[in-house]
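This report describes selected helices, loops and strand residues of one protein model. Its topics are helix packing, burial and individual contacts.

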Amino acid sequence: MIHRTVLVKFAETTTTEQLKEVVARFKALKNHLTGIVDLQAGLNFAEKSKEYQVVLVVRFEDKAALDAYVSNEEHQDVAAFIKEVGRVDSIGVDIEI
């Protein structure tokens, strides 16, 4: 099983409504992709890394499911929306569990 964690940092001009829409679009991916065991997304409320506003955590059945997710059209649409609303940076890490 593969566990992916993604933190996304947005511009100061990105609104709370846009951040909530990013979270909703992340969550909707679970309904469009195979190989996802679990998917959680939400707004970061921690003071310690508060510059990263959105967190995505996904568990995939295997590396093939992760690879399919990365190239999936719905995922690419979410990535385009994130850029559109002001993505400044993101950090993604994958571990095998």
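In which loop is the place of T14? In this predicted model, T14 belongs to the loop that runs between β1 (2-10) and α1 (16-28). T14 counts as buried because its relative accessibility is 11%, under the 20% that bounds the buried class. Leaving out residues up to four places away in sequence, T14 touches L19, V85 and G86. One of these partners also takes part in a polar contact: the side chain of T14 reaches the backbone oxygen of V85 at 2.5 Å. A long-range pairing in sequence is found here as well, since T14 and R87 lie 73 residues apart along the chain, yet their C-alpha atoms are 8.4 Å apart in space.

**Packing of the helices**

Two helix pairs are described here, and their geometry is set out in the table.

| Helix pair | Angle between axes | Distance between axes |
|---|---|---|
| α1 and α3 | about 170° | 10 Å |
| α2 and α3 | about 55° | 5 Å |

How are α1 and α3 oriented to each other? The axes of α1 and helix α3 (residues 73-84) meet at an angle of about 170°, and the two helices are therefore roughly antiparallel to each other. On the side of α1, the contact is made by Q18, E21, V22, R25 and F26, and on the side of α3 by V78, F81 and I82. By residue class, this contact of α1 with α3 consists of five nonpolar, one polar and two charged residues.

The second pair has another arrangement. For α2 and α3, the angle is about 55° and the axes are 5 Å apart, which makes α2 oblique to α3. Y69, V70 and S71 of α2 form this contact together with E73, H75 and Q76 of α3. The residues of the contact of α2 with α3 comprise two nonpolar, three polar and one charged.

**The two sides of α2**

Which residues of helix α2 (residues 63-71) are buried? They are A65, L66 and Y69. These residues lie on the same side of α2, because they cover an arc of only 100° around the axis. Among the elements that cover the buried residues of α2 are β1, α1, β3 (54-60), α3 and β4 (87-96). On the face turned away from this buried side, α2 carries the exposed residues A64 and S71. S71 also belongs to the contact of α2 with α3 described above. At the start of α2, a side-chain oxygen of D62 comes to within 3.3 Å of the backbone nitrogen of A64.

**The loop between α2 and α3**

N72 is placed in the loop between α2 and α3. Its relative accessible area is 15%, and N72 is therefore buried. When neighbours within four places in sequence are set aside, N72 is in contact with H32 and L33.

**Two partly exposed residues**

Is A80 of helix α3 buried or exposed, or does it fall in between? A80 is found in helix α3 and counts as partly exposed because its relative accessibility is 44%. The C-alpha atoms of A80 and M1, which are 79 residues apart along the chain, are separated by 27 Å.

Q40 has its place in strand β2 (residues 36-43). With a relative accessibility of 46%, Q40 therefore counts as partly exposed. Apart from residues up to four places away in sequence, Q40 touches V55, L56 and V57. The side chain of Q40 makes a polar contact with the side chain of D38, at 3.1 Å. The C-alpha atoms of Q40 and K30, 10 residues apart along the chain, are separated by 9.2 Å.

Terms used
Residues numbered from 1 in each chain as written. Predicted model: local features only at pLDDT ≥ 70, side-chain atom pairs only at ≥ 80, totals over all residues. Heavy atoms only, no water. Helix = DSSP H or I, 4+ residues; strand = E, 2+ residues; numbered from the N terminus. Buried < 20%, exposed > 50% of the residue type's maximum accessible area, 1.4 Å probe, protein only. Contact = heavy atoms within 4.5 Å. Axes fitted to C-alpha atoms, helices over the stretch in contact; angles between N-to-C directions. Parallel < 35°, antiparallel > 145°, perpendicular 65-115°, else oblique. Nonpolar A, V, L, I, M, F, W, Y, C, P; charged D, E, K, R; others polar. Arc of directions from axis to C-beta. Polar contact = N/O pair within 3.5 Å; in protein donor to acceptor, adjacent residues only side chain to side chain.
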